Amino acid sequence: MNPMLNIAIRAVRKAGNIVAKGFERLDEIQTSEKSANDYVTNIDKASEAAIIEIIRKSYPDHTIIGEESGALEGKEGDVQWVIDPLDGTTNFVKGLPHFSISIAVRVKGRTEVGVVYDPIRNELFTAVRGEGAKLNEYRLRLEGRNELTGAILATGFPFKVKRYIPIHLNMITALIEECADFRRTGSAALDLCYVAAGRVDGYFEMGVKPWDCAAGDLIVREAGGIVTDFIGGHSYLTSGHIVAGAPRITKQILNKLQPCLSDEFKG
């Protein structure tokens with residue numbers, strides 16, 4: 001097994017235990033608002049601390065970029081661990097059992113390892129660049145629908161950036177002419193993994209953060225899918241605007257989305 005994959009799996013499982021135990025005692029959760037509609041709990045922080053501790057024991061010189069801690073620079077700046085200790089915090093706080101822990105390892109700007117763990121379902125999604133993607137021990141191969149007609153698409157509303165809302169609603173209007181339905185689950189990392197597993201046929205969202213999608217991005221691509229920004233490029237980790245799916249359906253989603261875009265999204 002890839003040694004960094006092994007450490008990432010160990011870290012998400014340790015964090016998953018913390019999150020799952022916290023979920024059993026929601027009345028004891030301490031919640032604060034980082035910004036409008038953006039929450040953090042003591043469990044997010046405890047999960048991130050556990051992940052950082054495990055990474056630091058094996059790779060003390062690597063850089064770690066965490067949602068709660070920010071960038072912890074290491075001597076080896078070319079290697080970055082991008083972590084989301086609890087993707088789906090709002091679901092967690094509300095008692096909705098759909099959230100995940102996400103870790104991506106990027107080397108010289110390229111994602112080499114991606115791990116997303118759902119501690120409630122005990123589902124571990126993993127990928128290593130060039131070696132494919134797995135759900136637990138089963139190989140993932142994206143063999144879902146190739147046509148937008150009848151497709152189920154996952155998305156997330158841009159509630160943190162209100163000015164995006166009209167554009168997003170226009171996108172939904174354009175897509176609903178052909179697709180069958182939408183899913184809005186509250187965890188971008190799991191949305192991407194569900195694309196890889198064929199549970200949804202495609203995914204699009206505006207304004208996601210790198211820690212939300214870096215691991216899921218690799219998992220989709222290693223399962224045979226495509227991940228792009230809204231103009232078919234590769235800026236999604238910086239722009240936060242992302243589309244994923246099988247190659248043919250991704251192209252059809254882009255064709256529907258692009259007429260809705262303002263100049264801001266066209267590069």
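Helices (H or I, at least four residues) and strands (E, at least two) are DSSP runs, numbered from the N terminus. The model is predicted: local features need pLDDT of at least 70, side-chain atom pairs count only at pLDDT 80 or more, and totals for chains, interfaces and linings use all residues. Residues are numbered from 1 along each chain as its sequence is written, and side-chain values use heavy atoms, with hydrogens and water left out.

**Exercise 1.** Determine where K108 lies and whether K108 is buried or exposed.

Solution.
- Step 1: K108 sits in the loop that runs between strand 6 (100-107) and strand 7 (110-118).
- Step 2: Its phi is positive, about 55°, although K108 is not a glycine.
- Step 3: Most residues other than glycine have a negative phi.
- Step 4: With a relative accessible area of 67%, K108 is exposed (buried is under 20%, exposed over 50%, partly exposed in between; 1.4 Å probe, protein chains only).

**Exercise 2.** Do the same for N122: state its place and its exposure.

Solution.
- Step 1: N122 belongs to the loop between strand 7 and strand 8 (123-128).
- Step 2: The phi of N122 is positive too, near 55°, in a residue other than glycine.
- Step 3: N122 is partly exposed, at a relative accessible area of 41%.

**Exercise 3.** Find which element gives the largest share of the lining of the second largest pocket.

Solution.
- Step 1: On a 1 Å grid over the protein atoms alone, a pocket is an open set of points with protein on both sides within 12 Å along at least five of seven lines, and lining residues have an atom within 4 Å of a point.
- Step 2: Helix 1 (3-23), strand 8 and strand 9 (132-135) each give two or more residues to this lining.
- Step 3: Strand 8 gives the largest share, 4 residues.
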